[in-house]
Amino acid sequence: MKNPSSKPRRRGIYFLPNLLTTGALCSGFFAIVAATQNWFDWAAYAILLSMLLDGIDGRVARWTNTQSDFGAEYDSLSDMVSFGVAPALIIFEFALNQMGKVGWVAAFIYTAAAALRLARFNTQVGIADKRYFQGLASPSAAAIVTFYVWVADRYLPEHASINVIAVLLTIMAGVLMVSNIRYHSFKGFDFRARVPFVG
């Protein structure tokens, strides 16, 4: 017999984290469009917005107890666009397209590394130590690449060395994503826990 005081969770609440994920995906898509128009400032801002929304959607899902396999897969696909494809195209449009085959190979290495990083993360959910990431997280790699473009576009004079640095930075970010280096995820910190006062 059902408890009359218990109310089933409204299905509509599941749309909230997925709506945030859609916002992150939209920002990533806009970053690609902005890069094709040479709006590198806007492209960088869009990636930053994607990072913020990506950080919020998972927390909202946990707070509202609406985690789902669908949401996890959707989040990964959004991450691939926003932190895999978009940063590679941004830096390609900014500098790598002037480096010939080396440029597009570097952009592809980054994109493929982001896909491999996300696939490895998905297969380790539930078994990996949540306090650490194995390999650089894709949002962090995206931040490295797009921040370089933003700084170079705004403050650095045009010089061939900018393109060379772009190639090396793009490949380095890709290699760090698929490396076995462990990075602290900060998920182990309990900010609500009581901290003893030491006088």
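**Questions on a predicted six-helix, two-strand chain**

Trainee: Is Asn-38 buried, partly exposed or exposed?

Mentor: Please note that the model is predicted. Residues count as buried under 20% relative accessible area and as exposed over 50%. The relative accessibility of Asn-38 is 49%, so the residue is classed as partly exposed.

Trainee: Where is Asn-38 found, and what is its phi?

Mentor: Asn-38 belongs to the loop between helix 1 and helix 2. Although Asn-38 is not a glycine, its phi is positive, at about 65°.

Trainee: What pattern does the chain follow along the sequence?

Mentor: The chain has 6 helices and 2 strands. Read along the sequence, these elements give the pattern α-α-α-α-β-α-α-β.

Trainee: What percentage of contacts between residues at least 6 apart in sequence join residues at least 24 apart?

Mentor: For context, the chain has 199 residues, and buried residues make up 38% of them. For contacts between residues at least 6 apart in sequence, the share that joins residues at least 24 apart is 79%.

Trainee: What share of the area that the chain exposes do carbon and sulfur atoms supply?

Mentor: The chain exposes about 12,600 Å². The share supplied by carbon and sulfur atoms is 67%.

Trainee: Which helix gives the largest share of the nonpolar patch?

Mentor: The surface carries a nonpolar patch formed by Phe-29, Phe-30, Val-33, Trp-39, Trp-42 and Tyr-45, with about 630 Å² of accessible area together. At least two of the patch residues come from helix 1 (15-36), and at least two from helix 2 (40-63). The largest share, 3 residues, is that of helix 1.

Trainee: Why can Tyr-45 be called partly exposed, and what is its relative accessible area?

Mentor: Tyr-45 is found in helix 2 and is one of the residues in the nonpolar patch. Partly exposed residues fall between the cut-offs of 20% and 50%. Tyr-45 is therefore partly exposed, as its relative accessible area is 37%.

Trainee: Which helices do the buried residues of helix 2 pack against?

Mentor: Helix 2 has 24 residues; its first and last C-alpha atoms are 35 Å apart, close to the 34 Å expected at 1.5 Å a residue. Its buried residues include Phe-40, Asp-41, Ala-44, Ile-47, Ser-50 and Leu-53. The packing partners of these buried residues are helix 1, helix 3 and helix 5.

Trainee: Which residues does Ser-50 contact, leaving aside neighbours within four places in sequence?

Mentor: Ser-50 has its place in helix 2. Its relative accessibility is 0%, so Ser-50 counts as buried. With those neighbours left aside, the residues in contact with Ser-50 are Ala-24, Ser-27, Gly-28, Ser-82 and Phe-83.

Trainee: What phi does Asn-65 take?

Mentor: Asn-65 comes just after helix 2. The phi of Asn-65 is positive, at about 55°.

Trainee: Which residue forms a salt bridge with Asp-41?

Mentor: Side chains of opposite charge can pair when their charged atoms come close. The chain has 1 salt bridge. In this pair, the closest N and O atoms are 3.2 Å apart, and the partner of Asp-41 is Arg-154.

Trainee: How many residues apart are Arg-154 and Asp-41?

Mentor: The salt bridge of Arg-154 and Asp-41 links distant parts of the chain, with Arg-154 in helix 5 (residues 138-155) and Asp-41 in helix 2. Arg-154 counts as partly exposed because its relative accessibility is 42%. Along the sequence, the two residues are separated by 113 residues.

Trainee: At which residue does helix 3 bend?

Mentor: Helix 3 (residues 69-94) should span 38 Å at 1.5 Å a residue, and its end C-alpha atoms are 37 Å apart, which agrees. The helix bends by about 35°, and a proline, Pro-87, follows within four residues of the bend, which lies at Ala-86.

Trainee: How far apart in space are Thr-146 and Ala-86, C-alpha to C-alpha?

Mentor: Thr-146 is found in helix 5 and is buried, as its relative accessible area is 5%. Leaving aside neighbours within four places in sequence, Thr-146 contacts Ala-44, Ile-47, Pro-87 and Ile-90. Thr-146 and Ala-86 are 60 residues apart in sequence, and their C-alpha separation is 9.2 Å.

Trainee: What distance separates the C-alpha atoms of Ala-137 and Met-177?

Mentor: Ala-137 lies in the loop between strand 1 (132-134) and helix 5. At 14% relative accessibility, Ala-137 is classed as buried. Ala-137 and Met-177 are 40 residues apart along the chain, and the distance between their C-alpha atoms is 6.3 Å.

Definitions and conventions:
Residues numbered from 1 in each chain as written. Predicted model: local features only at pLDDT ≥ 70, side-chain atom pairs only at ≥ 80, totals over all residues. Heavy atoms only, no water. Patch = residues over 30% accessible without salt bridge, like charges linked within 9 Å, V, L, I, M, F, W, Y side chains within 5 Å. Areas by Shrake-Rupley, 256 points an atom, 1.4 Å probe, with all protein chains shown as cover. Salt bridge = Lys/Arg side-chain N within 4 Å of Asp/Glu carboxyl O. Buried < 20%, exposed > 50% of the residue type's maximum accessible area, 1.4 Å probe, protein only. Expected span 1.5 Å × (residues − 1). Bend = angle between axes of the 7 residues up to and from the residue. Contact = heavy atoms within 4.5 Å.
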